[in-house]
Amino acid sequence: MCTTLRILVALVLALAPAGPSTAAEEPLDGFAIEHVPRGAGPSVSEFAYEPDEGIRCASRVWERATGDGGHSVDLTVVVLRGASLTSLGQLRSFMARHHERAPGSWSEVMVGARPGLRADGHVFWLMEPGVAVSVTIDTGRFGPGELTAVAEGVRPA
């Protein structure tokens with residue numbers, strides 16, 4: 001009976017979906033990330049940077065190795081902090097410059113109870129004046145529902 005149980009446990013573990021759990025373990029700059037898609041790359045890195053305009057960013061990136069020896073980013077969550085981030089309009093202006101996109105290229109969306117902007121696997125919103133969150137996902141691997149689930153799972157820690 002013990003041998004059968006061991007074989008069954010081994011099969012269950014072998015057949016379990018690859019990838020991290022659906023939640024990130026450590027907060028990112030004061031925010032919990034409560035949902036990470038199954039199959040998101042196992043390599044997780046964090047970066048802190050100040051792009052310009054007095055904006056400080058803390059990011060966490062999930063990536064995976066590709067068959068050609070490179071890497072591909074599956075998911076990025078960024079917490080942005082800056083005195084100039086006083087409204088969704090100000091955040092949109094910053095993101096348009098930062099991503100070199102037309103300000104009107106994002107559609108309005110609700111992230112939980114907060115208004116945000118979304119396009120092409122990217123959503124961002126103001127958590128409060130001076131603090132914003134941005135989530136980008138590989139739309140070739142994950143559907144739009146995963147982008148929403150990740151975004152709605154970012155909460156103050």
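**Entry 1: the hairpins**

I began with the turn between E6 and E7, which form a hairpin with 2 residues between them; aspartate 120 in that turn has a positive phi of about 45°. The labels are DSSP runs numbered from the N terminus, helices (H or I) having at least four residues and strands (E) at least two. I noted that E6 and E7 pair in the antiparallel sense over 4 bridges, pairing being accepted if DSSP finds at least two bridges between two strands. Leucine 117 has phenylalanine 124 of E7 as its bridge partner.

I then looked up E5 and strand E6 (residues 114-119), which pair in the antiparallel sense over 5 bridges. Serine 107 has arginine 118 of E6 as its bridge partner. E5 and E6 also form a hairpin with 2 residues between them, and glycine 112 in the turn has a positive phi of about 65°.

**Entry 2: basis and confidence**

I recorded that this is a predicted model, in which local features need pLDDT of at least 70 and side-chain atom pairs count only at pLDDT 80 or more, while totals for chains, interfaces and linings use all residues. Residues are numbered from 1 along each chain as its sequence is written, and side-chain values use heavy atoms, with hydrogens and water left out.

The mean pLDDT (the predictor's confidence in each residue, from 0 to 100) of the protein chain is 86, and 85% of its residues reach 70 or more. Among the elements, helix H1 (residues 2-15) has the lowest mean, 32, and strand E8 (residues 131-137) the highest, 98. Over residues 1-22 pLDDT stays under 50. Where pLDDT is low, the predicted coordinates should not be read in detail.

**Entry 3: the sheet**

I traced 7 strands in an open sheet, in the order E2-E3-E4-E8-E7-E6-E5, with antiparallel pairing. Strand E2 (43-49) and E5 stand at the edges with a single partner strand each, so one side of each is left without a neighbour in the sheet. The twist averages 20° from one strand to the next.

H2 packs on the sheet, touching strand E4 (71-81), E5, E6, E7 and E8, and its direction makes about 140° with that of E7. Helix H3 (residues 144-152) also packs on the sheet, touching E4, E5, E6, E7 and E8, and makes about 155° with the direction of E8. Contact means heavy atoms within 4.5 Å; axes are lines fitted to C-alpha atoms, for helices over the stretch in contact, with angles from 0 to 180 degrees between N-to-C directions.

**Entry 4: helix H2**

I found Leu91, Arg92, Phe94, Met95 and Ala96 of H2 buried, that is, under 20% relative accessible area (exposed is over 50%, partly exposed in between; 1.4 Å probe, protein chains only). Glutamate 100 follows H2 and has a positive phi, near 55°.

**Entry 5: the aromatic pair**

I located 1 aromatic pair in the structure. The rings of tryptophan 106 and phenylalanine 124 have centres 4.9 Å apart and planes at 85°, so the pair is edge-to-face. The criterion takes rings of Phe, Tyr and Trp (its six-membered ring) with centres within 6.5 Å; planes under 30 degrees apart count as stacked, over 60 as edge-to-face and the rest as tilted. Tryptophan 106 lies in the loop between helix H2 (88-99) and strand E5 (107-111), and phenylalanine 124 in strand E7 (residues 122-128), 18 residues apart. Tryptophan 106 is buried at 4% relative accessible area; phenylalanine 124 is buried at 0%.
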